[in-house]
Amino acid sequence: MGKYDRKSSPSRGGARTAPREPQSRAELQANSEYEKIAAYLSGVRFRKKAFGGVDPADVWKKIEELNALYENALVAERARCNLLIRQVRLGGGAREPEDTDA
């Protein structure tokens with residue numbers, strides 16, 4: 001058996017596992033918030049000025065919109081983390097709460 005025939009263990013940086021599916025509503029919400037940010041960044045365009053450069057007011061508007069998206073993602077991530085903490089404290093067998101406040 002050659003060195004390339006061995007299966008490496010994940011702890012040594014070898015075989016990678018497939019990404020797991022989100023299991024909770026909080027995880028799904030966090031993922032969708034990140035997808036919204038990615039879609040926004042891929043489509044953002046700045047208004048050009050007549051003599052080169054971009055319109056500063058437009059840039060600030062886009063920064064405010066992006067900040068709002070990141071704040072929503074942060075709220076979703078906090079909810080996901082709170083859920084995970086609650087599950088660990090309850091021994092891992094906890095159900096997803098109906099409403100998780102940040």
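Helices, of at least four residues, and strands, of at least two, are DSSP runs numbered from the N terminus.

**View 1. Overall fold of the predicted model.** The protein chain holds 2 helices and 0 strands. Its length is 102 residues, and 19% of them are buried. About 8,500 Å² of the chain is exposed. Carbon and sulfur atoms supply 54% of that area. Take the contacts between residues at least 6 apart in sequence: 52% of these join residues at least 24 apart.

**View 2. The largest nonpolar core.** This core has 5 residues. They are I37, Y40, V44, L69 and A73. Two elements each give two or more residues to the core: α1, spanning 25-43, and α2, spanning 56-89.

**View 3. Surroundings of A73, a member of the largest nonpolar core.** Neighbours within four places in sequence are left aside here. Beyond them, A73 is in contact with E33, Y34 and I37. Of these partners, I37 is itself listed in the core.

**View 4. K62 in helix α2.** This lysine counts as buried because its relative accessibility is 18%, and the cut-off for buried is under 20%. Residues up to four places away in sequence are not counted among its contacts. With those set aside, K62 touches Y40, V44, R45 and F46. Two of these partners, Y40 and V44, also belong to the largest nonpolar core.

Methods. Residues numbered from 1 in each chain as written. Predicted model: local features only at pLDDT ≥ 70, side-chain atom pairs only at ≥ 80, totals over all residues. Heavy atoms only, no water. Core = buried A, V, L, I, M, F, W, Y, C linked by side-chain atoms within 4.5 Å. Buried < 20%, exposed > 50% of the residue type's maximum accessible area, 1.4 Å probe, protein only. Contact = heavy atoms within 4.5 Å. Areas by Shrake-Rupley, 256 points an atom, 1.4 Å probe, with all protein chains shown as cover.
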